[in-house]
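Visitor: I should like a close look at one part of this protein, followed by an account of its wider setting. Please take a single residue as the starting point.

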Amino acid sequence: MTYLKSNIQGILYLSLFIIIPAMFLSACGYRIIGSKFLPFDSVTIRHVQNETYEPRLEEILHNALSNEFISQGIEVRKSGGDVELEATVTTFLLGAIGVVDETVREQELIMLVDIKITDEGRVTEFKAMQSPLKITFQSSGTVSEIVAYKERAMNKAGREIAKEIVGQIIIRYAK
């Protein structure tokens with residue numbers, strides 16, 4: 001019987017200190033920061049431009065942006081979205097960060113992207129967006145292995161940049 005009594009007391013304390021104050025706060029119009037709904041439900045991603053000599057970056061970034069918007073609950077449309085997004089890959093660099101006996105063993109991948117968002121005639125631009133993480137890949141092994149490592153690093157860079165872009169858009173609209 002004491003076990004049942006302690007469970008009832010626990011539920012009573014939970015409702016008294018958590019649920020009831022939460023109800024009062026929500027009734028007063030308060031909300032958790034970032035919980036404001038976005039003023040758009042869909043986005044059109046225009047053709048991604050690639051101003052570098054590295055092939056397929058436009059495809060990688062377009063796919064990463066589409067996947068990130070969808071994972072955030074925003075519909076991606078071919079045309080007619082509430083917001084239009086244009087992206088341009090402006091920089092693609094590889095740098096040696098690990099060298100053994102004058103042989104490069106690890107490389108860093110740097111990719112910069114400019115973004116232009118058009119929403120009901122208003123234009124917002126983000127310049128030189130990049131991954132907040134350092135993207136590296138192994139550059140030792142056979143040529144096909146190195147190419148595969150580089151491809152994975154490019155896809156990871158695209159995903160991380162897409163997360164950063166969508167995060168910046170959400171922060172901009174949540175204000």
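Guide: Apart from residues up to four places away in sequence, Ser-131 touches Glu-160 and Ile-161 in this predicted model. Ser-131 itself lies in the loop that runs between β6 (122-129) and β7 (135-138). Its relative accessibility is 13%, and because the cut-off for burial is under 20%, Ser-131 counts as buried. The side chain of Ser-131 also reaches the backbone oxygen of Leu-133, at 3.0 Å.

The two strands that flank this loop lead on to the largest nonpolar core. Of its 34 residues, those that touch the most other members are Leu-65, Phe-69, Leu-85, Val-113, Ile-115, Ile-165 and Ile-169. At least two residues of this core come from each of β1 (42-45), α2 (57-71), β4 (83-100), β5 (103-119), β6, β7 and α3 (143-174). The greatest contribution is that of α3, with 9 residues.

Leu-85 may serve as an example. Neighbours within four places in sequence aside, Leu-85 is in contact with residues including Val-43, Ile-45, Leu-65, Phe-69, Ile-115, Ile-117, Ile-165 and Ile-169. Among its other contacts are Thr-44, Arg-46 and Lys-116.

As to the whole, the protein contains 3 helices and 7 strands, arranged along the sequence as α-β-β-α-β-β-β-β-β-α. Of the contacts with a separation of 6 or more, 67% join residues 24 or more positions apart. Buried residues account for 30% of the 175 residues. The protein exposes about 11,600 Å², of which carbon and sulfur atoms supply 56%.

Terms used. Residues are numbered from 1 along each chain as its sequence is written. This is a predicted model: local features need pLDDT of at least 70, side-chain atom pairs count only at pLDDT 80 or more; totals for chains, interfaces and linings use all residues. Side-chain values use heavy atoms; hydrogens and water are left out. Helices (H or I, at least four residues) and strands (E, at least two) are DSSP runs, numbered from the N terminus. Buried means under 20% relative accessible area, exposed over 50%, partly exposed in between (1.4 Å probe, protein chains only). A polar contact is a pair of N or O atoms within 3.5 Å; within protein, one must be able to donate a hydrogen and the other to accept it, and residues adjacent in sequence count only if both atoms are side-chain atoms. Contact means heavy atoms within 4.5 Å. A nonpolar core is a set of buried Ala, Val, Leu, Ile, Met, Phe, Trp, Tyr and Cys residues joined through side-chain atoms within 4.5 Å. Accessible areas come from the Shrake-Rupley method with a 1.4 Å probe; for residues, only the protein chains shown count as cover.
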